[in-house]
Amino acid sequence: MPDTPAPAPAAPVLLGNEPGSFPHSVLARRHPAIIRQVREAFPYGPGIRGALDALLESCTDGVIEPLPAGAPDRDRWLSWGLGSHIGRSWFDVPWLWSESYFHRRLLEATGYFAPGAWQGVDPFRPTKLAELDSAETDEELTALDGLLTLPADEQAQALLHGSLWGNRADLSFRLSAGDPADAAPAPALVADDSAALWSLLPAAGTGTLCLVADNAGRELIPDLLLVGHLLSAGRVARAVLHLKPHPYYVSDATTADLLDALRRLTAAPGAARDHGRRLWAALEDGTLTVRAHPFSAGPLPYAEMPGDLRAEFAGAALTILKGDLNYRRLVGDRLWPPTTPFADVTAHFPGPVAALRTLKSDVITGLDAATEAALVAAEQQRWRTGGTHALIQVRR
Ligand SMILES: O=P(O)(O)OC[C@H]1O[C@](O)(CO)[C@@H](O)[C@@H]1O
(Lines give C-alpha, C1' and ligand atoms only; values in the text may rest on other atoms or scores of the structure.)
Protein backbone atom coordinates (compact mmCIF):
# COMPACT_ATOMS: atom_id res chain seq x y z
CA MET A 1 0.00 0.00 0.00
CA PRO A 2 1.39 3.47 -0.79
CA ASP A 3 1.97 5.80 2.20
CA THR A 4 0.30 8.78 0.56
CA PRO A 5 -3.36 8.78 -0.42
CA ALA A 6 -4.18 8.87 -4.14
CA PRO A 7 -4.80 12.43 -5.38
CA ALA A 8 -8.42 13.54 -5.34
CA PRO A 9 -10.16 13.05 -8.69
CA ALA A 10 -10.15 16.14 -10.88
CA ALA A 11 -13.25 18.31 -10.59
CA PRO A 12 -15.57 18.58 -13.61
CA VAL A 13 -14.42 20.75 -16.51
CA LEU A 14 -16.75 23.72 -17.01
CA LEU A 15 -19.10 23.53 -19.99
CA GLY A 16 -21.50 26.20 -21.17
CA ASN A 17 -24.55 23.99 -21.56
CA GLU A 18 -26.36 24.63 -18.31
CA PRO A 19 -28.96 27.39 -18.78
CA GLY A 20 -28.78 29.86 -15.91
CA SER A 21 -25.08 29.22 -15.32
CA PHE A 22 -22.43 31.91 -15.78
CA PRO A 23 -20.66 30.06 -18.66
CA HIS A 24 -23.98 29.66 -20.47
CA SER A 25 -24.71 33.37 -20.14
CA VAL A 26 -21.33 34.23 -21.65
CA LEU A 27 -21.97 32.06 -24.70
CA ALA A 28 -25.64 32.94 -25.09
CA ARG A 29 -25.55 36.67 -24.29
CA ARG A 30 -22.06 38.09 -24.00
CA HIS A 31 -20.77 36.71 -27.28
CA PRO A 32 -23.68 38.13 -29.29
CA ALA A 33 -23.11 41.48 -27.52
CA ILE A 34 -19.44 41.38 -28.51
CA ILE A 35 -20.41 40.75 -32.14
CA ARG A 36 -22.74 43.77 -32.00
CA GLN A 37 -19.94 45.89 -30.54
CA VAL A 38 -17.56 44.86 -33.31
CA ARG A 39 -20.20 45.56 -35.98
CA GLU A 40 -20.35 49.12 -34.72
CA ALA A 41 -16.61 49.62 -34.24
CA PHE A 42 -15.80 50.32 -37.89
CA PRO A 43 -17.72 50.88 -41.16
CA TYR A 44 -17.15 47.34 -42.31
CA GLY A 45 -18.56 46.53 -45.73
CA PRO A 46 -21.24 43.98 -46.58
CA GLY A 47 -18.79 41.04 -46.75
CA ILE A 48 -17.55 41.46 -43.18
CA ARG A 49 -21.00 42.34 -41.87
CA GLY A 50 -22.32 39.16 -43.46
CA ALA A 51 -19.51 37.12 -41.89
CA LEU A 52 -20.31 38.61 -38.47
CA ASP A 53 -23.99 37.73 -38.93
CA ALA A 54 -23.01 34.19 -39.88
CA LEU A 55 -20.85 33.90 -36.76
CA LEU A 56 -23.74 35.13 -34.63
CA GLU A 57 -25.99 32.47 -36.09
CA SER A 58 -23.33 29.78 -35.67
CA CYS A 59 -22.36 30.57 -32.08
CA THR A 60 -25.91 30.80 -30.80
CA ASP A 61 -27.82 28.18 -32.80
CA GLY A 62 -25.24 26.40 -34.90
CA VAL A 63 -22.22 24.20 -34.47
CA ILE A 64 -18.46 24.61 -34.44
CA GLU A 65 -17.13 24.83 -37.97
CA PRO A 66 -13.59 24.33 -39.32
CA LEU A 67 -11.19 27.15 -40.06
CA PRO A 68 -10.80 28.05 -43.74
CA ALA A 69 -8.30 25.93 -45.64
CA GLY A 70 -5.80 28.79 -45.94
CA ALA A 71 -5.93 29.90 -42.32
CA PRO A 72 -2.34 30.38 -41.09
CA ASP A 73 -3.03 28.69 -37.77
CA ARG A 74 -5.24 25.85 -38.99
CA ASP A 75 -2.77 23.11 -38.04
CA ARG A 76 -2.23 24.67 -34.66
CA TRP A 77 -5.95 24.67 -33.93
CA LEU A 78 -6.17 21.06 -35.09
CA SER A 79 -3.44 20.23 -32.57
CA TRP A 80 -5.52 22.09 -29.97
CA GLY A 81 -8.50 19.79 -30.52
CA LEU A 82 -10.47 21.48 -33.30
CA GLY A 83 -10.95 18.19 -35.18
CA SER A 84 -12.86 16.55 -32.35
CA HIS A 85 -15.08 19.63 -31.76
CA ILE A 86 -16.22 20.29 -35.35
CA GLY A 87 -19.96 19.71 -35.72
CA ARG A 88 -20.65 20.01 -31.96
CA SER A 89 -22.63 22.79 -30.34
CA TRP A 90 -20.54 25.64 -28.91
CA PHE A 91 -22.34 24.93 -25.64
CA ASP A 92 -21.26 21.28 -25.37
CA VAL A 93 -17.46 21.56 -25.61
CA PRO A 94 -15.26 22.84 -22.74
CA TRP A 95 -16.23 26.44 -22.07
CA LEU A 96 -12.60 27.56 -22.17
CA TRP A 97 -12.19 26.05 -25.63
CA SER A 98 -15.49 27.44 -26.89
CA GLU A 99 -14.75 31.00 -25.79
CA SER A 100 -11.27 30.94 -27.22
CA TYR A 101 -12.46 29.63 -30.58
CA PHE A 102 -15.21 32.24 -30.64
CA HIS A 103 -12.61 35.01 -30.36
CA ARG A 104 -10.51 33.36 -33.09
CA ARG A 105 -13.57 33.18 -35.39
CA LEU A 106 -14.53 36.74 -34.60
CA LEU A 107 -11.20 38.04 -35.87
CA GLU A 108 -11.53 35.80 -38.90
CA ALA A 109 -14.90 37.39 -39.67
CA THR A 110 -13.41 40.90 -39.58
CA GLY A 111 -10.76 39.96 -42.12
CA TYR A 112 -7.97 40.19 -39.55
CA PHE A 113 -6.05 37.16 -40.79
CA ALA A 114 -6.63 37.24 -44.54
CA PRO A 115 -4.55 39.38 -46.93
CA GLY A 116 -6.58 42.51 -47.67
CA ALA A 117 -7.52 45.94 -46.43
CA TRP A 118 -8.68 44.84 -42.98
CA GLN A 119 -5.77 42.54 -42.27
CA GLY A 120 -4.29 43.27 -38.85
CA VAL A 121 -6.93 45.86 -37.88
CA ASP A 122 -7.86 45.34 -34.23
CA PRO A 123 -11.67 45.65 -33.94
CA PHE A 124 -11.33 46.50 -30.27
CA ARG A 125 -8.80 49.32 -30.69
CA PRO A 126 -11.39 52.13 -30.42
CA THR A 127 -12.55 50.93 -27.00
CA LYS A 128 -9.01 50.25 -25.82
CA LEU A 129 -7.87 53.74 -26.84
CA ALA A 130 -10.91 55.37 -25.27
CA GLU A 131 -9.99 53.73 -21.99
CA LEU A 132 -6.36 54.74 -22.28
CA ASP A 133 -7.35 58.35 -22.98
CA SER A 134 -9.90 58.51 -20.17
CA ALA A 135 -9.89 60.86 -17.20
CA GLU A 136 -9.61 57.81 -14.92
CA THR A 137 -6.27 56.96 -16.52
CA ASP A 138 -5.14 60.56 -15.97
CA GLU A 139 -6.03 60.27 -12.30
CA GLU A 140 -4.22 56.99 -11.89
CA LEU A 141 -1.09 58.39 -13.51
CA THR A 142 -1.21 61.52 -11.38
CA ALA A 143 -1.46 59.36 -8.25
CA LEU A 144 1.99 57.98 -9.05
CA ASP A 145 3.54 61.28 -7.92
CA GLY A 146 2.25 60.59 -4.40
CA LEU A 147 4.01 57.21 -4.26
CA LEU A 148 7.43 58.80 -4.52
CA THR A 149 7.46 59.83 -0.87
CA LEU A 150 6.67 56.33 0.41
CA PRO A 151 9.29 53.87 1.68
CA ALA A 152 10.34 51.36 -1.01
CA ASP A 153 8.36 48.44 0.45
CA GLU A 154 5.17 50.47 0.56
CA GLN A 155 5.69 51.64 -3.00
CA ALA A 156 6.13 48.03 -4.07
CA GLN A 157 2.99 46.90 -2.25
CA ALA A 158 0.98 49.78 -3.74
CA LEU A 159 2.16 48.90 -7.25
CA LEU A 160 1.32 45.22 -6.64
CA HIS A 161 -2.20 46.18 -5.63
CA GLY A 162 -2.48 48.54 -8.60
CA SER A 163 -1.69 45.65 -10.90
CA LEU A 164 -4.07 43.33 -9.05
CA TRP A 165 -7.06 45.66 -9.02
CA GLY A 166 -6.32 46.86 -12.53
CA ASN A 167 -7.82 43.51 -13.52
CA ARG A 168 -11.14 44.44 -11.95
CA ALA A 169 -13.08 45.37 -15.06
CA ASP A 170 -11.95 44.17 -18.46
CA LEU A 171 -13.87 45.62 -21.37
CA SER A 172 -15.77 42.40 -22.20
CA PHE A 173 -16.80 42.15 -18.58
CA ARG A 174 -18.38 45.59 -18.78
CA LEU A 175 -20.60 44.48 -21.64
CA SER A 176 -22.69 42.39 -19.30
CA ALA A 177 -21.86 43.51 -15.78
CA GLY A 178 -24.61 45.15 -13.78
CA ASP A 179 -24.66 48.77 -12.79
CA PRO A 180 -21.54 49.60 -10.72
CA ALA A 181 -23.89 50.71 -7.97
CA ASP A 182 -24.85 47.03 -7.58
CA ALA A 183 -21.27 46.07 -6.82
CA ALA A 184 -20.24 44.92 -3.36
CA PRO A 185 -19.34 47.94 -1.23
CA ALA A 186 -15.98 46.69 -0.01
CA PRO A 187 -13.79 44.83 -2.49
CA ALA A 188 -11.69 42.40 -0.52
CA LEU A 189 -8.83 40.01 -0.97
CA VAL A 190 -10.06 36.45 -0.49
CA ALA A 191 -6.48 35.12 -0.37
CA ASP A 192 -3.30 37.10 0.15
CA ASP A 193 0.03 35.35 -0.38
CA SER A 194 1.84 38.62 -1.03
CA ALA A 195 4.48 37.83 1.63
CA ALA A 196 5.38 34.66 -0.30
CA LEU A 197 5.44 36.67 -3.52
CA TRP A 198 7.91 39.19 -2.12
CA SER A 199 10.07 36.38 -0.71
CA LEU A 200 10.52 35.15 -4.29
CA LEU A 201 11.64 38.62 -5.38
CA PRO A 202 14.38 39.51 -2.87
CA ALA A 203 16.46 42.69 -2.97
CA ALA A 204 19.47 42.30 -5.25
CA GLY A 205 17.68 39.50 -7.08
CA THR A 206 19.47 38.03 -10.08
CA GLY A 207 16.55 36.17 -11.59
CA THR A 208 13.98 36.75 -14.29
CA LEU A 209 10.37 37.73 -13.78
CA CYS A 210 7.80 36.55 -16.32
CA LEU A 211 4.58 38.52 -16.26
CA VAL A 212 1.80 37.04 -18.35
CA ALA A 213 -0.35 40.07 -19.03
CA ASP A 214 -4.11 40.15 -19.38
CA ASN A 215 -5.93 43.30 -20.44
CA ALA A 216 -4.64 46.41 -22.18
CA GLY A 217 -5.24 49.97 -20.99
CA ARG A 218 -5.93 50.45 -17.33
CA GLU A 219 -4.65 46.96 -16.49
CA LEU A 220 -1.52 46.94 -18.65
CA ILE A 221 -0.34 50.32 -17.36
CA PRO A 222 -0.16 49.19 -13.71
CA ASP A 223 1.37 45.88 -14.85
CA LEU A 224 4.11 47.85 -16.60
CA LEU A 225 4.60 50.04 -13.55
CA LEU A 226 5.02 46.94 -11.38
CA VAL A 227 7.50 45.36 -13.78
CA GLY A 228 9.44 48.60 -14.11
CA HIS A 229 9.59 48.98 -10.34
CA LEU A 230 10.83 45.40 -9.81
CA LEU A 231 13.59 46.02 -12.34
CA SER A 232 14.67 49.39 -11.04
CA ALA A 233 14.47 48.26 -7.40
CA GLY A 234 16.80 45.39 -8.30
CA ARG A 235 14.40 42.64 -7.24
CA VAL A 236 14.85 40.97 -10.63
CA ALA A 237 17.60 41.36 -13.20
CA ARG A 238 15.38 40.79 -16.23
CA ALA A 239 11.70 40.70 -17.02
CA VAL A 240 9.71 39.09 -19.80
CA LEU A 241 6.27 40.41 -20.64
CA HIS A 242 3.97 37.89 -22.31
CA LEU A 243 1.34 39.50 -24.52
CA LYS A 244 -1.23 38.09 -26.95
CA PRO A 245 -0.16 37.51 -30.57
CA HIS A 246 -3.45 39.04 -31.78
CA PRO A 247 -6.54 40.70 -30.31
CA TYR A 248 -8.34 38.33 -27.96
CA TYR A 249 -11.15 38.36 -25.39
CA VAL A 250 -11.99 41.94 -26.35
CA SER A 251 -9.40 43.77 -24.31
CA ASP A 252 -6.36 41.49 -24.00
CA ALA A 253 -3.07 43.27 -24.52
CA THR A 254 -1.08 42.90 -27.74
CA THR A 255 2.22 44.48 -28.74
CA ALA A 256 0.32 47.39 -30.31
CA ASP A 257 -1.41 47.97 -26.96
CA LEU A 258 1.94 47.92 -25.20
CA LEU A 259 3.18 50.65 -27.53
CA ASP A 260 0.04 52.71 -26.92
CA ALA A 261 0.53 52.33 -23.16
CA LEU A 262 4.18 53.35 -23.38
CA ARG A 263 3.28 56.39 -25.45
CA ARG A 264 0.67 57.30 -22.87
CA LEU A 265 3.19 57.02 -20.04
CA THR A 266 6.00 58.90 -21.76
CA ALA A 267 3.64 61.73 -22.75
CA ALA A 268 2.32 62.13 -19.19
CA PRO A 269 3.66 64.66 -16.69
CA GLY A 270 5.53 63.82 -13.51
CA ALA A 271 6.47 60.40 -12.22
CA ALA A 272 4.47 58.62 -14.92
CA ARG A 273 6.79 59.95 -17.59
CA ASP A 274 9.86 58.80 -15.64
CA HIS A 275 8.35 55.31 -15.35
CA GLY A 276 7.62 55.35 -19.09
CA ARG A 277 11.14 56.40 -19.99
CA ARG A 278 12.69 53.72 -17.77
CA LEU A 279 10.48 51.06 -19.36
CA TRP A 280 11.39 52.32 -22.82
CA ALA A 281 15.10 52.10 -21.96
CA ALA A 282 14.65 48.63 -20.46
CA LEU A 283 13.12 47.45 -23.73
CA GLU A 284 15.97 49.02 -25.68
CA ASP A 285 18.70 47.45 -23.57
CA GLY A 286 16.97 44.06 -23.37
CA THR A 287 16.40 43.87 -19.62
CA LEU A 288 12.71 43.87 -20.51
CA THR A 289 11.67 41.68 -23.41
CA VAL A 290 8.30 40.93 -24.95
CA ARG A 291 6.85 37.64 -26.13
CA ALA A 292 3.66 36.91 -28.04
CA HIS A 293 3.53 33.12 -27.94
CA PRO A 294 0.69 31.46 -29.90
CA PHE A 295 -0.25 29.41 -26.82
CA SER A 296 -1.08 32.67 -25.02
CA ALA A 297 -4.19 32.90 -27.22
CA GLY A 298 -4.85 29.18 -27.15
CA PRO A 299 -7.86 27.31 -25.76
CA LEU A 300 -6.04 24.90 -23.42
CA PRO A 301 -5.02 24.90 -19.77
CA TYR A 302 -1.41 25.65 -18.86
CA ALA A 303 -0.92 22.00 -17.88
CA GLU A 304 -0.81 21.39 -21.66
CA MET A 305 1.62 24.18 -22.53
CA PRO A 306 4.28 23.44 -25.15
CA GLY A 307 7.88 22.68 -24.24
CA ASP A 308 9.40 26.05 -25.20
CA LEU A 309 7.00 27.96 -22.97
CA ARG A 310 7.44 25.42 -20.19
CA ALA A 311 11.22 25.88 -20.38
CA GLU A 312 10.84 29.66 -20.21
CA PHE A 313 8.63 29.59 -17.12
CA ALA A 314 10.88 26.92 -15.56
CA GLY A 315 13.81 29.32 -15.72
CA ALA A 316 12.01 32.26 -14.09
CA ALA A 317 12.39 33.27 -10.46
CA LEU A 318 8.65 33.89 -10.58
CA THR A 319 5.90 33.88 -13.18
CA ILE A 320 2.99 36.21 -12.45
CA LEU A 321 -0.21 35.27 -14.25
CA LYS A 322 -2.62 38.16 -14.50
CA GLY A 323 -6.38 37.99 -14.59
CA ASP A 324 -9.31 35.65 -14.54
CA LEU A 325 -8.72 33.81 -17.78
CA ASN A 326 -5.10 33.02 -16.94
CA TYR A 327 -6.31 31.73 -13.57
CA ARG A 328 -8.82 29.46 -15.26
CA ARG A 329 -6.09 28.15 -17.54
CA LEU A 330 -3.72 27.70 -14.60
CA VAL A 331 -6.06 25.58 -12.47
CA GLY A 332 -7.75 23.84 -15.37
CA ASP A 333 -11.12 25.64 -15.70
CA ARG A 334 -12.75 23.12 -13.41
CA LEU A 335 -15.35 23.48 -10.71
CA TRP A 336 -12.99 22.66 -7.84
CA PRO A 337 -14.24 22.73 -4.26
CA PRO A 338 -13.04 26.22 -3.20
CA THR A 339 -10.82 24.82 -0.44
CA THR A 340 -8.81 22.66 -2.90
CA PRO A 341 -5.19 23.63 -2.23
CA PHE A 342 -3.81 26.04 -4.84
CA ALA A 343 -0.45 24.22 -4.61
CA ASP A 344 -2.09 20.93 -5.65
CA VAL A 345 -3.83 22.27 -8.74
CA THR A 346 -0.74 24.21 -9.87
CA ALA A 347 1.78 21.41 -9.24
CA HIS A 348 2.08 20.99 -13.03
CA PHE A 349 3.48 24.53 -13.44
CA PRO A 350 7.23 24.34 -14.09
CA GLY A 351 8.38 27.06 -11.67
CA PRO A 352 7.22 29.40 -8.91
CA VAL A 353 3.92 30.96 -9.94
CA ALA A 354 1.69 33.73 -8.64
CA ALA A 355 -1.88 34.48 -9.68
CA LEU A 356 -3.10 38.10 -9.44
CA ARG A 357 -6.76 38.01 -10.28
CA THR A 358 -10.09 39.58 -9.60
CA LEU A 359 -12.82 36.95 -9.45
CA LYS A 360 -14.91 36.95 -12.66
CA SER A 361 -15.83 33.31 -13.16
CA ASP A 362 -16.91 30.34 -11.04
CA VAL A 363 -13.43 28.85 -10.79
CA ILE A 364 -11.73 29.19 -7.42
CA THR A 365 -9.24 27.23 -5.34
CA GLY A 366 -7.11 27.83 -2.27
CA LEU A 367 -9.70 29.43 0.00
CA ASP A 368 -9.79 28.60 3.67
CA ALA A 369 -13.11 27.26 4.87
CA ALA A 370 -13.89 30.32 7.00
CA THR A 371 -13.37 32.70 4.06
CA GLU A 372 -15.57 30.63 1.79
CA ALA A 373 -18.29 30.49 4.46
CA ALA A 374 -18.14 34.27 5.00
CA LEU A 375 -18.38 34.97 1.27
CA VAL A 376 -21.34 32.62 0.83
CA ALA A 377 -23.09 34.07 3.88
CA ALA A 378 -22.71 37.60 2.53
CA GLU A 379 -23.32 37.04 -1.17
CA GLN A 380 -24.42 33.45 -1.84
CA GLN A 381 -22.34 32.59 -4.94
CA ARG A 382 -22.16 36.11 -6.46
CA TRP A 383 -18.66 36.69 -5.08
CA ARG A 384 -17.33 34.23 -7.66
CA THR A 385 -18.24 36.26 -10.73
CA GLY A 386 -18.87 39.85 -9.69
CA GLY A 387 -15.30 41.16 -10.10
CA THR A 388 -15.44 42.78 -6.66
CA HIS A 389 -13.12 40.34 -4.89
CA ALA A 390 -9.53 39.52 -5.69
CA LEU A 391 -6.75 37.15 -4.78
CA ILE A 392 -2.99 36.89 -4.66
CA GLN A 393 -2.04 33.23 -4.62
CA VAL A 394 1.49 31.87 -4.82
CA ARG A 395 3.00 28.43 -5.28
CA ARG A 396 6.75 28.40 -4.68
O1 LIG B 1 -9.80 39.72 -18.42
P2 LIG B 1 -9.91 38.57 -17.51
O3 LIG B 1 -9.68 38.91 -16.09
O4 LIG B 1 -9.06 37.41 -17.95
O5 LIG B 1 -11.38 38.10 -17.55
C6 LIG B 1 -11.97 37.65 -18.71
C7 LIG B 1 -13.16 36.96 -18.28
O8 LIG B 1 -14.13 36.98 -19.27
C9 LIG B 1 -14.82 35.78 -19.15
O10 LIG B 1 -14.24 34.83 -19.97
C11 LIG B 1 -16.16 35.83 -19.60
O12 LIG B 1 -16.12 36.28 -20.90
C13 LIG B 1 -14.54 35.46 -17.74
O14 LIG B 1 -15.07 34.43 -17.21
C15 LIG B 1 -13.10 35.52 -17.94
O16 LIG B 1 -12.39 34.70 -17.38
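Two residues count as in contact here if their C-beta atoms, placed from the backbone, lie within 7 Å. Keep that in mind for the exercises below, and remember that this is a predicted model.

**Exercise 1: a loop residue and its partners**

Find out which residues Leu 335 touches, leaving out those up to four places away in sequence.

*Solution.* Start with the location: Leu 335 sits in the loop between helix H15 (323–331) and helix H16 (342–345). Next, apply the contact rule, and you get Ala 11, Pro 12, Leu 14 and Asp 362. Now check a C-alpha distance: Leu 335 and Thr 365 are 30 residues apart along the chain, and their C-alpha atoms are separated by 9.0 Å. Last, burial: Leu 335 has 14 C-beta neighbours inside 10 Å, so it counts as partly exposed.

**Exercise 2: another loop residue**

Do the same job for Phe 91, and work out its burial class from its C-beta neighbours inside 10 Å.

*Solution.* Phe 91 belongs to the loop between helix H4 (82–85) and H5. Skipping neighbours within four places in sequence, its contacts are Gly 16, Asn 17, His 24 and Leu 27. For the class, you need the cut-offs: buried takes 20 or more other C-beta atoms within 10 Å, exposed takes 12 or fewer. Phe 91 has 19 such neighbours, so it comes out as partly exposed. As for distance, Phe 91 and Arg 357 lie 266 residues apart along the chain, with 25 Å between their C-alpha atoms.

**Exercise 3: checking a helix**

Compare the expected span of helix H5 (residues 95–109) with the distance between its end C-alpha atoms.

*Solution.* The expected span is 1.5 Å times one less than the number of residues. H5 has 15 residues, so it should span 21 Å, and the end C-alpha atoms are indeed 21 Å apart. Then look at its surroundings: 14 of the 15 residues of H5 are buried, so the helix is largely enclosed by the rest of the structure. After H5 comes Gly 111, which has a positive phi near 80°.

**Exercise 4: two positive phi values outside glycine**

Val 250 and Gln 380 both have positive phi. Are they buried or exposed?

*Solution.* Take Val 250 to begin with: its phi is near 65°, and it lies in the loop between strand E3 (238–242) and helix H12 (255–266). There are 23 C-beta neighbours inside 10 Å, so Val 250 is buried. Then Gln 380: its phi is near 50°, and its place is the loop between helix H17 (369–379) and E7. Only the count is left, and with 9 other C-beta atoms within 10 Å, Gln 380 is exposed.

**Exercise 5: walking across the sheet**

Work out the strand order of the open sheet of seven strands, and say which strands form its edges.

*Solution.* The order reads E1-E7-E6-E5-E2-E3-E4, and the pairing is mixed. The edges are strand E1 (188–192) and strand E4 (288–291), each of which pairs on one side only. On average, neighbouring strands are turned by 15° against each other, ignoring direction.

Now zoom in on two pairs. E1 and strand E7 (residues 389–395) run in the parallel sense over four bridges, with Leu 189 opposite Ala 390 in E7. Strand E2 (residues 208–212) and E3 also pair in the parallel sense, over five bridges, and Leu 211 stands opposite Leu 241 in E3. Four of the five residues of E3 are buried, so that strand is largely enclosed by the rest of the structure.

**Exercise 6: core and helix packing**

Name the residues of the largest nonpolar core that touch the most other members, then describe how H11 packs against helix H13 (residues 270–285).

*Solution.* This core has 66 residues, and the best-connected ones are Leu 209, Leu 211, Val 227, Ala 239 and Ala 354. Helix H11 (residues 220–232) supplies the largest share, eight residues. A separate core of 28 residues includes Leu 52, Trp 97, Ala 297 and Leu 325.

For the packing, the axes of H11 and H13 come within 10 Å and cross at roughly 70°. The two helices are therefore roughly perpendicular to each other. Among the residues making the contact are Leu 224, Leu 225 and Gly 228 of H11, with His 275 and Arg 278 of H13.

Key: Residues are numbered from 1 along each chain as its sequence is written. This is a predicted model: local features need pLDDT of at least 70, side-chain atom pairs count only at pLDDT 80 or more; totals for chains, interfaces and linings use all residues. A nonpolar core is a set of buried Ala, Val, Leu, Ile, Met, Phe, Trp, Tyr and Cys residues joined through C-beta atoms within 7 Å. Two strands pair if DSSP finds at least two bridges between them. Axes are lines fitted to C-alpha atoms, for helices over the stretch in contact, and angles run from 0 to 180 degrees between N-to-C directions. Angles under 35 degrees count as roughly parallel, over 145 as roughly antiparallel, 65 to 115 as roughly perpendicular and the rest as oblique.
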